[in-house]
Amino acid sequence: MTECAVADAKPLAPVPSHVPADRVVDFDIFNPPGIDDMGVHEAWIKLQQSTPYEVVWTPHNEGHWIAVRGKRVRAMYRDPAHFSSHIIWLPKSEGENYGLVPTRLDPPQHTPFREVLNKAIGITATKAMEPMVRSVAVRIIDALAPQGKCNFTDDYAKQFPVQVFLNLLDLPHEDAAEVKEWIDQMTRPDGSMSMEEVMANVFRYVDPIIEQRLKTPGTDLISIVINNDIDGRPMTRDEMRGLVSLLLVAGLDTVVNVLSFFMEFLARNPGHRRQLVENPALIRKGIEELFRRFPVVAEARMVKEDTECDGVEMKAGDMVCVPTLITGTDDRMNGCPMHVDFNRKGISHVTFGDGPHICAGQHFARLEAIVTLEEWLKRIPEFDIPAGEKISHKSGIVCTVERLPLVWTPRA
Ligand code: HEM
């Protein structure tokens, strides 16, 4: 073992002897070098471009591998036999306490739970939800449009998916702030709460709701999910609370952040914005290009047994970060990857993951993004970031835009 220096408050982990010295990089996934100057996606791509290898090792966050090429990330998502979902969040000691069903199960245990999720939020269920989703978007944008300004992250991105999701789960809207705070601590921890405490809070919140929906099932997503059998047996209470908590995490933190990145781009690029305003039909096609260019998730896998990968030996129990953040923007997956082209052909990305755990809510996420752009651009076709405002990004399990002030001239 080689001792590493201490660079910040958190000590760096010793580099294990099976990691070659030329694979070691100084990269903290929660605070990548350069993020303040260049933005989160560019900071991750800088790591990718800085190494000839497809996997590197960082001593930050207890020490772990990082797959830095899109095709390698995709291959790992597709290979649960070697790269297990048993722990998917870093650092490993915190990820051990993240116990949501079925994200931490590998096939075949994962499969029956996934069937339940597909039924609840798959493509067919999503189509039926469009009128509700659109009415929430219209209500919020109609209230904002006459104001001529907003902080998009707080006034839209944190409102819209949360209200939509609480409608789907039939939960009181006044709970939103507290629940969102726990979810934020899971995906971008600031050290004020351990993962164990966060999970305890979430479970305390969902347990009585589960009891109530078992007694009096409704038509909401929670009732649909928990009143299902798994391989012909009823779900256990632990499995129910895991599934319900997963829906909260997945539905409340991802879309919020993706929408902020999309709107930051459209505010900075009037030419692209006008293409969508003049041809709204392009939004449905163009949305995939925006998902490619602005992925937000950086999860992990645990090495199941000693294995060789990209010329290095990985040991059972090693953690590997599989960042979707460097997939669609990898120049080996898409030409001119940092350029947005709404008519791009053959788009390749891993923004929603891949393999058995590929995002169960991807159709729903696309719907939320399409509806937002359609309704927003209809009412607020021209908007800018006020001069002198610096927009900051934060990296984490799910990346975020910290605040996004926008201004426009209200229509008469
Ligand atoms: C733009 C928004 C979204 C992004 C970028 C995103 C991304 C992802 C990714 C990368 C995974 C794979 C996790 C893994 O393999 O470990 C995933 C899984 C999942 N997502 Fe999403 N997601 C989004 C929105 C949503 C929404 C809105 C929902 C719920 C309606 C949702 C529900 C889920 C669920 C339940 C899983 C776990 C699936 C499984 O383990 O089989 N996601 N998501």
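So, the ligand first: the space it takes up is the largest cavity here. And keep in mind that this is a predicted model.

Which elements give two or more residues to the shell around that ligand? There's helix H5, running 110–121, helix H12, 237–268, strand E7, 298–303, and helix H15, 362–379. H12 supplies the largest share, with five residues.

Altogether, 28 residues surround the ligand. If you want to click on the closest, go to His110, Glu299, Arg301, His357 and Cys359. In character, the shell splits into 18 nonpolar residues, seven polar and three charged.

Okay, the iron. What does the protein offer the iron atom of the ligand as a donor? Just a single one: the SG of Cys359, 2.3 Å away. Cys359 sits in the loop between strand E10, that's 319–323, and H15.

Now the oxygens of the ligand, where there are three side chains I'd like to show you. Glu299 puts a polar side-chain atom 2.6 Å from a ligand oxygen. For His357, again a polar side-chain atom to an oxygen of the ligand, the distance is 2.7 Å. And Arg114 has a polar side-chain atom 2.9 Å from a ligand oxygen.

Let's stay with that loop between E10 and H15 for a moment, because Asp354 is in there too, and at 12% relative accessibility it counts as buried. So what does the side chain of Asp354 pair up with? One partner is Arg74, with a polar contact of 3.1 Å between the two side chains. Another is Arg78, where the side chains are also joined by a polar contact, of 3.1 Å. So when you zoom in on this buried aspartate, put Arg74 and Arg78 on screen with it.

Last stop, Gln48. You'll find it in helix H2, residues 40–49. Is Gln48 buried or exposed? Buried: the relative accessible area is 1%, and the cut-off for buried is under 20%. As for what its side chain touches, there's the backbone oxygen of Val68, reached at 2.8 Å. Then there's a polar contact from the side chain of Gln48 to the side chain of Asp330, at 3.5 Å.

To pull up again on your own screens: the ligand in the largest cavity, Cys359 as the single protein donor to the iron, Asp354 with its contacts to Arg74 and Arg78, and Gln48 with Val68 and Asp330. That's me done.

Note on methods:
Residues are numbered from 1 along each chain as its sequence is written. This is a predicted model: local features need pLDDT of at least 70, side-chain atom pairs count only at pLDDT 80 or more; totals for chains, interfaces and linings use all residues. Side-chain values use heavy atoms; hydrogens and water are left out. A residue is near a molecule or strand if one of its heavy atoms lies within 4 Å of it. A polar contact is a pair of N or O atoms within 3.5 Å; within protein, one must be able to donate a hydrogen and the other to accept it, and residues adjacent in sequence count only if both atoms are side-chain atoms. On a 1 Å grid over the protein atoms alone, a cavity is a set of points where a 1.4 Å probe fits but cannot get out, and a pocket is an open set with protein on both sides within 12 Å along at least five of seven lines; lining residues have an atom within 4 Å of a point. A molecule sits in a cavity or pocket if more than half of its atoms lie within 2 Å of its grid points. Helices (H or I, at least four residues) and strands (E, at least two) are DSSP runs, numbered from the N terminus. Ala, Val, Leu, Ile, Met, Phe, Trp, Tyr, Cys and Pro count as nonpolar, Asp, Glu, Lys and Arg as charged, and the others, Gly among them, as polar. Donors are N, O and S atoms within 2.8 Å of the metal (3.2 Å for Na, K and Ca); water is not among the atoms, so sites may look incomplete. Buried means under 20% relative accessible area, exposed over 50%, partly exposed in between (1.4 Å probe, protein chains only).
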